[in-house]
Amino acid sequence: MVDKPKQERVIHARIPESLDDEVKRRATDLGLSVSNLVRNVLQHTFGLVEDVVHDSAEIARAARGGQATRSATPSTTDRAGAPPAPRVLGWQRVVLNVNAICDTCNAVLTKGSRAAVGMLDRPGTPPVQCTACLKELDHDDDH
């Protein structure tokens, strides 16, 4: 008997018709399926919320005169015991061949637009960044 790969889970949710219309419209505009759009939104939302909570705790700790706990180098595991996410070593400017979402500001990046793709220090899904967010990192005045 051949082992079948595990199937992804399906989540059902009741939403108002107006939200259903908006999700379908956005998915069409981005050239994505509704399923992929919702999955991406959920994944980004959890990451953003976790970052906001962690950063808020760091700000409160610093305001009380405490030491920041975030280290300059990534640990071998994160708070849940899973390996840390790959680090971005650098950014490669590209012209997109597909629609994408900026990992930093969530801007919609359409096929044919300029963006940057992160080069990772280990396997993983490379992040995409819009040119405005990339400019924030670029300290070279020659560009």
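In this predicted model, a polar contact of 2.9 Å joins the side chains of Q129 and T104. Q129 belongs to strand β5, which covers residues 128-130. Its relative accessible area is 6%, so Q129 counts as buried. Leaving aside residues up to four places away in sequence, Q129 touches W91, C102, T104, L109, A115, A116, L134 and L137. T104 therefore appears both in this list of contacts and as the polar partner of the Q129 side chain.

**Helix α2 and its surroundings**

Helix α2 comprises 30 residues, 34-63. At 1.5 Å a residue, the helix should span 44 Å, and because its end C-alpha atoms are 43 Å apart, the two values agree. Which residues of α2 are buried? They are L37, H54 and E58. These buried residues pack against α1, which runs over residues 17-30. After α2 comes G65, whose phi is positive, near 90°.

L42 is also found in helix α2. With a relative accessibility of 40%, L42 counts as partly exposed. L42 contributes to a nonpolar surface patch of about 490 Å², together with I11, V34, V38 and F46.

**Salt bridges**

How many salt bridges does a search of the whole structure find? The search finds seven. Side chains of opposite charge can pair when their charged atoms come close. Three of the pairs are listed below, with the N to O distance for each.

| Pair | Distance (N to O) |
|---|---|
| R25 and D29 | 2.9 Å |
| D121 and R87 | 3.3 Å |
| R122 and D121 | 3.1 Å |

R25 and D29 both lie in helix α1, four residues apart, which is about one turn of the helix. An α-helix has 3.6 residues a turn, so residues three or four places apart point the same way. Both side chains are partly exposed: R25 has a relative accessible area of 41%, and D29 has a relative accessibility of 49%. The two residues also belong to a network of salt bridges that links E22, R25, R26 and D29.

D121 takes part in two of the tabulated pairs, one with R122 and the other with R87. In the pair with R87, D121 lies in the loop between β4 (114-120) and β5, while R87 lies in the loop between α2 and β1 (88-95), so the salt bridge ties together parts that are 34 residues apart in sequence. D121 is partly exposed, with a relative accessible area of 27%. R87 is likewise partly exposed, at 41% relative accessibility. R122 has a relative accessible area of 33% and is partly exposed.

**Summary of the picture**

Strand β5 holds Q129, a buried residue whose side chain has a polar contact with that of T104. The buried residues of α2 pack against α1, and L42 of α2 forms part of the nonpolar surface patch. Within α1, R25 and D29 are joined by a salt bridge and are linked with E22 and R26 in a network. In the loops, D121 and R87 tie together parts that are 34 residues apart in sequence.

Technical notes
Residues are numbered from 1 along each chain as its sequence is written. This is a predicted model: local features need pLDDT of at least 70, side-chain atom pairs count only at pLDDT 80 or more; totals for chains, interfaces and linings use all residues. Side-chain values use heavy atoms; hydrogens and water are left out. Helices (H or I, at least four residues) and strands (E, at least two) are DSSP runs, numbered from the N terminus. The expected span of a helix is 1.5 Å times one less than its number of residues. Buried means under 20% relative accessible area, exposed over 50%, partly exposed in between (1.4 Å probe, protein chains only). Contact means heavy atoms within 4.5 Å. A polar contact is a pair of N or O atoms within 3.5 Å; within protein, one must be able to donate a hydrogen and the other to accept it, and residues adjacent in sequence count only if both atoms are side-chain atoms. A salt bridge is a side-chain nitrogen of Lys or Arg within 4 Å of a carboxyl oxygen of Asp or Glu. Patches are made of residues with over 30% relative accessible area and no salt bridge: like charges are joined within 9 Å, nonpolar side chains (Val, Leu, Ile, Met, Phe, Trp, Tyr) within 5 Å. Accessible areas come from the Shrake-Rupley method with a 1.4 Å probe; for residues, only the protein chains shown count as cover.
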